[in-house]
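Here is a short report on two sheets and a helix in one protein chain. Keep the structure open while you read.

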Amino acid sequence: MSASMVMTEPTPHLFPLPPQEVMERAYLGSDASFDGVFYTAVKTTGIFCLPSCKARKPFKENVEFFATVKEAIFAGYRPCLRCKPLELHTTPDWIKRVLRAIDTEPGRKFSDQDLRLLGSDSVRVRRYFVKHFGLTFQAYCRGRRLSLALENIRKGSSIDDAVFEAGFNSHSGFRDSFTNTFGHPPGKIDAIDPIQLAWFETPMGPMIAGAVQAGLCLLEFTDRRMLETELKMLRKHFQTVTVPGESPHHVSLRKELEAYFARTLRTFQTKITRFGTPFEERVWEQLDQIPYGTTISYEELAQRLGNPGAVRAVGRANGMNKLGIIVPCHRVIRKSGDLAGYGGGIWRKRLLIDLERGGS
């Protein structure tokens with residue numbers, strides 16, 4: 001299966017919850033291994049929690065379950081002040097161990113026994129990867145191995161070394177997978193420029209970043225509804241495929257995002273590449289000019305473009321921005337001061353503005 005097909009596997013919002021009895025057993029036992037797999041909401045209090053929450057357990061008839069924080073919030077629940085599911089809406093420790101193992105040995109083929117030794121099991125790992133990354137565990141590992149091989153060949157490694165380092169058993173198997181994924185054989189390295197996808201932890205939830213050689217082309221929260229549409233647009237524009245990977249642009253971004261959330265960075269220097277209609281490009285250029293810690297209205301943004309009547313068009317262009325935080329569309333609000341129109345969720349928009357203004 002090619003990597004261009006990988007990201008069209010079941011998307012997070014279509015992935016089913018674990019069986020009812022499994023979730024009930026997990027929340028009654030405060031099982032932290034299910035954190036991030038589902039959320040527990042209590043009808044009598046209007047609060048939602050992580051499965052590991054140590055608060056007194058409600059009667060099961062007063063409990064309902066949600067797959068994501070967003071679903072719980074949209075259903076009218078507020079986050080628990082004890083387990084703080086918004087702050088902990090990050091990759092759970094058992095998945096972090098799996099990801100670290102893959103990054104440490106990207107050429108390794110992980111068996112069910114390997115996953116058990118890492119403190120998890122294959123069913124739970126597969127469920128998490130499909131739900132949160134939009135691809136199977138095996139597809140992720142295969143794409144990571146091929147991405148590693150691509151980078152190593154670019155750095156001057158021989159194809160023989162790339163085969164060995166990527167964990168393939170034969171040259172023919174490697175060449176077939178490489179060609180099926182990238183559309184070119186390993187010898188045509190100059191014609192290959194995939195969109196490499198990496199996942200980032202932030203205090204406001206996981207983000208996904210896509211990069212080509214020219215620069216970063218995507219930065220979004222992983223639960224954005226338009227994410228799959230954006231990936232399709234990127235694949236079409238760059239005429240390439242998506243694979244898990246880590247490019248120099250990702251390395252730069254990781255450092256800058258950490259500094260941004262620590263309030264020690266106000267302007268990103270990671271190289272970006274973007275595309276849009278001429279009008280969208282003009283809007284994004286204006287977004288780049290909004291100072292850190294300030295906001296403007298959609299009306300003011302339209303006036304800056306010399307077209308005061310284009311307020312709705314400005315809003316649409318704002319929504320088409322694929323580089324969240326870096327291109328600060330969160331700094332545009334309604335004339336009344338109300339917040340609206342943020343793909344990562346209004347609650348994140350409020351937190352980003354508060355962060356830049358020195359709030360908690």
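Strands E1 (residues 39-42) and E2 (residues 47-49) pair in the antiparallel sense, joined by 3 bridges. Within this pair, Val-42 stands opposite Ile-47 of E2. Note that the model is predicted.

E1 and E2 belong to an open sheet of 4 strands, ordered E3-E1-E2-E4, with mixed pairing. The edges are strand E3 (63-66) and strand E4 (78-79); each has a single partner strand, so one side of each is left without a neighbour in the sheet. Helix H2 (residues 20-28) packs on this sheet and touches E1 and E3. The direction of H2 makes about 105° with that of E3.

Another open sheet also has 4 strands. Its order is E7-E6-E5-E8, and its pairing is mixed. Here the edge strands are E7 and strand E8 (242-244), each pairing on one side only. From one strand to the next, the twist averages 30°. Helix H10 (residues 227-238) packs on the sheet. H10 touches E5, strand E6 (207-212), E7 and E8, and its direction makes about 165° with that of E7.

Now take strand E5 (residues 195-200). E5 runs parallel to E8, with 3 bridges between them. E5 and E6, by contrast, pair in the antiparallel sense over 5 bridges. These residue pairs tie E5 to its partner strands:

| Residue in E5 | Opposite residue | Partner strand |
|---|---|---|
| Ile-195 | Thr-242 | E8 |
| Leu-197 | Pro-244 | E8 |
| Phe-200 | Met-207 | E6 |

E5 and E6 form a hairpin with 6 residues between them. Gly-205 sits in the turn, with a positive phi of about 115°.

How many residues of E5 are buried? The count is 6 of its 6 residues, so the strand is mostly covered, given that buried means under 20% relative accessible area. Ile-195, Leu-197 and Trp-199 point one way from E5. Gln-196, Ala-198 and Phe-200 point the other way, and these residues are buried too.

Finally, helix H15 (residues 346-356). Its buried residues are Trp-347, Arg-348, Lys-349, Leu-352, Ile-353, Leu-355 and Glu-356. What do the buried residues of H15 pack against? Their partners include three helices: H3 (69-74), H11 (248-261) and H13 (298-304). Strand E7 (215-221) and strand E10 (332-333) are also packed against. E7 thus links back to the sheet, where E7 is an edge strand. After H15 comes Gly-358, whose phi is positive, near 90°.

Terms used
Residues numbered from 1 in each chain as written. Predicted model: local features only at pLDDT ≥ 70, side-chain atom pairs only at ≥ 80, totals over all residues. Heavy atoms only, no water. Buried < 20%, exposed > 50% of the residue type's maximum accessible area, 1.4 Å probe, protein only. Helix = DSSP H or I, 4+ residues; strand = E, 2+ residues; numbered from the N terminus. Contact = heavy atoms within 4.5 Å. Pairing = 2+ DSSP bridges. Axes fitted to C-alpha atoms, helices over the stretch in contact; angles between N-to-C directions.
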